[in-house]
Amino acid sequence: MAMVKEILLSLIIPVWNTPTVFLQQCFAPFLQNRNLKIEIIIVDDGSCPETSKYLDSINLAYEAQVIHQKNQGQNSARCTGLSVARGIYVGFLDSDDFINWDSFAKIVDLLCDEDSDIIVFNGVKVDAKGKRIDSKELNFANFSKREYVRSCAELWRQFIRREFLEENGGLYNPSKMCIGEDLASILPLSVRADSIKYFNEDVYMYRQQRRSAIHSMDSSNRLSIIDSFNHIIKSLTNDELSLYHNEIEWQAVNHLMNYETRAQLRYGIQGLRNVRRISSWMSMHFREWQCNPYINDEKSKRGVAFRLSVGRKYWIIMFYQSFIRRILERGNLD
């Protein structure tokens, strides 16, 4: 493996039983040395023997290491990678995704002259075969810090200056699998960053999968998203919460009252009870969330499902989702 003296970027890749075909696509860009000052840190988070053996067999052209640990969750694996990272910046690549090499290399080359706390780039949605689906919602039409604070949600869509990350407590690392752990990690950082730069480059290829570990969680465990938002609120000062109140509140509206509400209502009455708990949490921390200035703007951009969710039309959502399920099930029987 090629050795470099200065590491501009430590790329951390957590792996847990990822299909080999995805791993091959993930690691393919790093099999040839194209003279980038990067290191690859692969953290095997308790994978099966077959996957662990495959990871040990990879001969990357860059300075790299594979760390094996018992299964502790994705952010725990990322934290393990951070503990040995030496790069000026750190980035995160999920093992079932991959990068656009030309755009990736362009940004890495620029890091030697950078001192921004966060470097943001675009993501592109791809299907299971790696074919582009749509990248509109993973780009910024008009980038600003406020726009970034209100929309950041994934750890993979930016490089973070390692010293800045360490000074601010590192990543959110819950003791169990938690919905929203990416958001709970990046949102406080986005608020506290003195400098954020946006590169309008399609760097990250994000694979859309329905059967991920998060999507398979039951309704009660999904309430861990409340823990993520509790962490966000505790991490920020009153002044920070006040300065970016509308943006942080919008994140709670979008993730709790929109996405998680619809996800919970797929579980019927039990999900409805959980939605009531989510609604109570919102009323406690964001009493006037329905007046958030971003809601009306989003209503004009999004579909009926969003308007029903933020309008708290729970029974209509349950009926609609049940109706669609019956149609799909009937189609499968036919």
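## How α1 and α2 cross

Helices α1 and α2 cross with right-handed geometry. This is a predicted model, so let's walk through what its coordinates show, beginning with this pair. Helix α1 covers residues 20-27 and helix α2 covers residues 49-57; their axes come within 11 Å and cross at roughly 20°. Because angles under 35 degrees count as roughly parallel, α1 is classed as roughly parallel to α2.

Which residues bring the two helices together? From α1 come T20, L23, Q24 and F27, and they meet T51, Y54 and L55 of α2. By residue class, this contact holds 4 nonpolar and 3 polar residues, with no charged ones.

## S10 in strand β1

Next, have a look at S10, which sits in strand β1, residues 9-15. Is S10 buried or exposed? Its relative accessibility is 0%, and because buried means under 20%, S10 counts as buried.

The S10 side chain also has a polar partner: it reaches the backbone nitrogen of G87 at 2.7 Å. G87 appears again among the contacts of S10 beyond four places in sequence, together with E39, I41, A85, R86, Y89, V90 and G91.

## The buried side of α4

Helix α4 spans residues 101-110, and its buried residues are W101, S103, F104, A105, I107 and V108. What do they pack against? Their partners are the strands β1, β2 (38-45), β5 (98-99), β6 (118-126), β8 (158-161) and β9 (196-207). Strand β1, the home of S10, is thus one of the elements that the buried residues of α4 pack against.

Technical notes. Residues numbered from 1 in each chain as written. Predicted model: local features only at pLDDT ≥ 70, side-chain atom pairs only at ≥ 80, totals over all residues. Heavy atoms only, no water. Helix = DSSP H or I, 4+ residues; strand = E, 2+ residues; numbered from the N terminus. Buried < 20%, exposed > 50% of the residue type's maximum accessible area, 1.4 Å probe, protein only. Polar contact = N/O pair within 3.5 Å; in protein donor to acceptor, adjacent residues only side chain to side chain. Contact = heavy atoms within 4.5 Å. Axes fitted to C-alpha atoms, helices over the stretch in contact; angles between N-to-C directions. Parallel < 35°, antiparallel > 145°, perpendicular 65-115°, else oblique. Left-handed = near helix turned anticlockwise from the far one by under 90°. Nonpolar A, V, L, I, M, F, W, Y, C, P; charged D, E, K, R; others polar.
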